[in-house]
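Visitor: Hello! I am new to this structure and would like a close look at a single part of it. Could you walk me through one helix and its partners?

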Amino acid sequence: MGLFSDWKEYPKKEISKSLLWEYDTTLPDWDWNYMATTVVQRVIERGNRNDYYAMFQKYGGIMKVRNIVKEIPDLSPKDMNWVCVLFNLKKEQLKCYTRKSLREKLLRY
């Protein structure tokens, strides 16, 4: 099976507070679903193994996180490659790739 396929059986984890240092995630009005794109982006960019497991547990699995990943507006080329491998995506499916391509195309003219 694939990487992180055991996310359901993995002991419950929390996403590292240091990844979201500028937000107070303990506030009662903190909305994990509203901030999903930011949270997933931070885990991809700076998270460790436990953060990935916590992300899959919080957002309901690999396929749901895969859909969130597609909507991330900005990722480095290295992180784009990583998510394409991890989630079996083509770079053209990523919003960050299509935005970058469009920007480059507009700047050429």
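Guide: Here is a short tour of helix α1 and what it touches. Please keep in mind that this is a predicted model. Helix α1 covers residues 36–46, and its axis comes within 9 Å of the axis of helix α3, residues 62–70. The two axes cross at roughly 95 degrees, which means that α1 is roughly perpendicular to α3. On the α1 side, the contact is made by Ala36, Thr37, Val40 and Ile44, while α3 brings Val65, Ile68 and Val69. Sorted by class, this contact between α1 and α3 has six nonpolar residues, one polar residue and no charged ones.

Charged residues of α1 do find partners elsewhere, though. Side chains of opposite charge can pair when their charged atoms come close. One such pair is Glu22 with Arg42, whose side chains form a salt bridge at 2.6 Å, N to O. Glu22 sits in the segment before α1 and Arg42 in helix α1 itself, so this pair links distant parts of the chain, 20 residues apart. Is Arg42 buried or exposed? Arg42 has a relative accessible area of 14%, and because buried means under 20%, Arg42 is buried. Its partner Glu22, at 35%, counts as partly exposed.

Another salt bridge joins the side chains of Glu45 and Arg46, at 3.5 Å, N to O. Here Glu45 is partly exposed, with a relative accessible area of 30%, whereas Arg46 is exposed, at 55%. Across the whole structure, a search finds three salt bridges.

Methods: Residues numbered from 1 in each chain as written. Predicted model: local features only at pLDDT ≥ 70, side-chain atom pairs only at ≥ 80, totals over all residues. Heavy atoms only, no water. Axes fitted to C-alpha atoms, helices over the stretch in contact; angles between N-to-C directions. Helix = DSSP H or I, 4+ residues; strand = E, 2+ residues; numbered from the N terminus. Parallel < 35°, antiparallel > 145°, perpendicular 65-115°, else oblique. Contact = heavy atoms within 4.5 Å. Nonpolar A, V, L, I, M, F, W, Y, C, P; charged D, E, K, R; others polar. Salt bridge = Lys/Arg side-chain N within 4 Å of Asp/Glu carboxyl O. Buried < 20%, exposed > 50% of the residue type's maximum accessible area, 1.4 Å probe, protein only.
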